[in-house]
Structure formats: structure tokens, C-alpha cells
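Morning, everyone. Please bring the structure up on the screen, and I'll walk through it.

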Amino acid sequence: MFLDTLTDLVGTMGIANMDPRSAIMIVVSLVFLYLAIGKGFEPLLLVPIAFGMLLTNLPLSGIFDSTTEPMGLMYYFYKLSRWGILPPLIFMGVGAMTDFGPLIANPKSLLLGAAAQFGIFFSFIGAVVFCGFDAQEAASIGIIGGADGPTAIYLTTKLAPHLLGAIAVAAYSYMALVPVIQPPIMKALTTKKEREVRMDQLRPVSKREKIIFPIMVTAVVVLILPSAAPLIGMLMLGNLFRESGRTTRLSDTAANALVNIVTIMLGLAVGASAQGPSFLVWDTIQILILGVLAFMVGTAAGVLIGKLMYLITGGKINPLIGSAGVSAVPMAARVSQKVGQECLPGNYLLMHAMGPNVAGVIGSAVAAGVMLSMFGGY
């Protein structure tokens, strides 16, 4: 009797039910935690993602799904993403934290932000031609190249929800690893002379311009691409809270409490969706490869257009700011600043890089709207 009881007890332990693929994902989660805590790689994103990944792969935890109702806690966080609720709220917070002044002061930044979206369409073509994904799946994979997690999640929930776990993990992982992925590409495509360019100070932007900008962008983009309304609308609403001067409490809430709560929920949901047995499959590996290629191509395209603008302006544009066209705000802009200062200490590129960076946020949302308009009716 005692041996039977002991056997039953051991059988209910998680360690006795460990799947090898879940064990691999636990190791991956520990690596992510090390990168986030030990190396400081975007801990606000990686810590909840990694911990959600750890929890969901511990056997019998029931943290994501369960054999009986109700489902696990992370399942309901995940459903908020599936329903398209959390990504637009993140965009509202991003808008409330973002100063569009550098973009307004230097409209040419839009070209750099647009160029960096090339990775999205590169990956889309690769997913269709070489990997056999259908158009909706390929569009969802391609959006990873924009380095914008909320946009990737939002588009995937509309077009290919069965790929949400893999795409969300890829998008947020590459966002967090911007400081690792981008610098080698930036240095390989630019000369020391180009990296040393000091850019002129940006012109002051009036309060009126900053108030008109979010209203105008919302109207223009949504009139052309109605499907982009949830992302662009919430982004610009958050920015209007910031710039109006009449909604300080709303701006503070959107930029701090709200975005922090939603980031925790979204990060845990993303990590918890990476369950070893269903995550470690060939499709996921292809998505991870295509995602990093899209991100690298987007970075390279931004830098190359920056080089072209360097030539056209007679050396007044530092090509490094082109890499900030991917919409990882403000990580990509900080990387442009860091690489520039490594080459020439005292060269301040951050505000110049913020122009392409915020243009990239708008660009990725527009690209998602284009994909939805083209493939949402399939």
C-alpha cells in the first residue's frame, strides 16, 4: 500500500512528466533571463517573456491550459492578445511616451522609416516562395521584420492565429536583441568617415505642429487604410494626450501604469504560448529564421538609404540613423547613438535617430494595414 501511494505521488510530480522539448524551452527561458538580468538586454520585455516561458514548460503547472475548466491564468492573458485588445493599448502607451518632434522637424526621416520596412516584404516573399506558407501566414511572418511586437501580434491574430505563439516569441525576442543584431550590420555597411558625420541641430517644433500632427496622420492613414485604424488610432491618441497640454493625467496613465500593466500581461502571454511540444516544430524554426532575416534586411535597407541620403546631401546625413527605421522604440535609436559614439565620442545622434525610429512605428502599422487589406478577406 505504501509503495503504491509513493508511486502515485511520484507520478503526479512534474519531473516525472517532463517532455524533452519542454526541457529545451526551459533552458531557453533561463538564457533569456540571463540576457535580461545579467546583460541588461531589454529586461522589461525579456523578463516577463522568459518567466512565462519557464512557467508554461514546467510540467502539470496548468498555467496556460488545463484538462478541465477553467483554463490557466496565462490562457486568458493570451486571449486578450488574440482578441486584438492588448496590442492597441501598447500602441497608446507608446504614443504617450513618444516625441514626434524629430520626425516633424526632419520629414526626410519618413524615407528611412519606410526603407526599413523592406524587410517585411522580403520575408513575405521568402515565406511564400521558399517555405510554402500561404499568403496570410507569410504576411504574419513578414511583419516580424518591422521589429514591432504589438503590430506582429495584432496582424497575426487577424490572419494566422495558429502561428501566434511562434511569431510573438520571434518578434519580441528580436526586439530585445536589437543591441546584438544591429551593430555588426551597421558597421559592415558604413565607412568610418560616414559614421563620424555630425548632423546639424534640428529646428524647434511648435506646440501647434505637435498637436496637429497626430490628428492629421490619423485622418490621412485611416482614410487610405481603414484596417490600420486600431493601431494608428491608438498610437496617435496617446500622442495627443501627451501634446495637448490638457490631458496630463491621461498621458501619465497611458505612458506609465497602463503600458506597464499591459506589457506584463502581454509578455507573460507571449512566453507562455511557447510550449515545447507545440513550439519546437519545423514551422517554428522556419519562422525564427525568416524573422531574423527580415529584421537584418530591414536594418540594412535603412542604412543603405541613409548612405544614399549622405551622398545626396553632400555628407550631412549620418547613415547610422537609417538603422533606427525599424520600429523598436527607442532601442534602435539608442543603438545608432551608441555605434556613432564608439566611432566619434561626443557625436550625439539620438534625436536625429528618433525621427526614423518613430517613422518606423508608423510604417510598421501602415504595413500591417496593407497586409490586412490585401489578405484579410481570404
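Start at Ile141. Leaving out residues up to four places away in sequence, Ile141 touches Ser123, Ala127, Phe133, Leu163, Ile167, Ile287 and Leu290. One caution before going on: this is a predicted model.

Now the core. Ile141 and Phe100 have the most contacts inside the largest nonpolar core, which has 109 residues. Which helix gives the largest share of this core? Helix α20, residues 350–375, with twelve residues. There is also a second, separate core of five residues. Ala96, Phe241, Ala254 and Ala255 are among them. As a general point, nonpolar side chains in soluble globular proteins tend to be buried together.

On to the overall fold. The protein has 20 helices and zero strands. The radius of gyration is 22 Å, and the globule rule gives 21 Å for 378 residues. Those values are close, so the protein is as compact as a globular protein of that length. Along the principal axes, the C-alpha atoms fill a box of roughly 85 × 45 × 40 Å. Of the 378 residues, 54% are buried. What about contacts along the sequence? Take those between residues at least 6 apart: 76% of them join residues at least 24 apart.

Next, a charged side chain. Is Lys210 buried or exposed? Buried: the relative accessibility of Lys210 is 18%, and the cut-off is under 20%. Lys210 lies in helix α14, residues 207–224. Again not counting residues up to four places away in sequence, Lys210 touches Asp99, Gly101, Ile104, Val205, Asn239 and Glu243.

Last, the surface. The protein exposes about 16,500 Å². Carbon and sulfur atoms supply 70% of that area. Look for a nonpolar patch of about 680 Å². Phe118, Phe122, Trp282, Ile285, Ile289, Leu293 and Met296 make this patch. Which elements give two or more residues to the patch? They are α8, residues 118–129, and α18, residues 282–312. The largest share comes from α18, with five residues.

Take one patch member, Phe118, in helix α8. Why does Phe118 count as partly exposed? Because its relative accessible area is 48%, and partly exposed runs between the 20% and 50% cut-offs.

To recap: a largest nonpolar core of 109 residues, a buried Lys210, and a nonpolar surface patch with its largest share from α18. That's it from me.

Key: Residues are numbered from 1 along each chain as its sequence is written. This is a predicted model: local features need pLDDT of at least 70, side-chain atom pairs count only at pLDDT 80 or more; totals for chains, interfaces and linings use all residues. Side-chain values use heavy atoms; hydrogens and water are left out. Patches are made of residues with over 30% relative accessible area and no salt bridge: like charges are joined within 9 Å, nonpolar side chains (Val, Leu, Ile, Met, Phe, Trp, Tyr) within 5 Å. Accessible areas come from the Shrake-Rupley method with a 1.4 Å probe; for residues, only the protein chains shown count as cover. A salt bridge is a side-chain nitrogen of Lys or Arg within 4 Å of a carboxyl oxygen of Asp or Glu. Helices (H or I, at least four residues) and strands (E, at least two) are DSSP runs, numbered from the N terminus. Buried means under 20% relative accessible area, exposed over 50%, partly exposed in between (1.4 Å probe, protein chains only). A nonpolar core is a set of buried Ala, Val, Leu, Ile, Met, Phe, Trp, Tyr and Cys residues joined through side-chain atoms within 4.5 Å. Contact means heavy atoms within 4.5 Å. The radius of gyration is taken over C-alpha atoms; the globule rule is 2.2 Å times the number of residues to the power 0.38.
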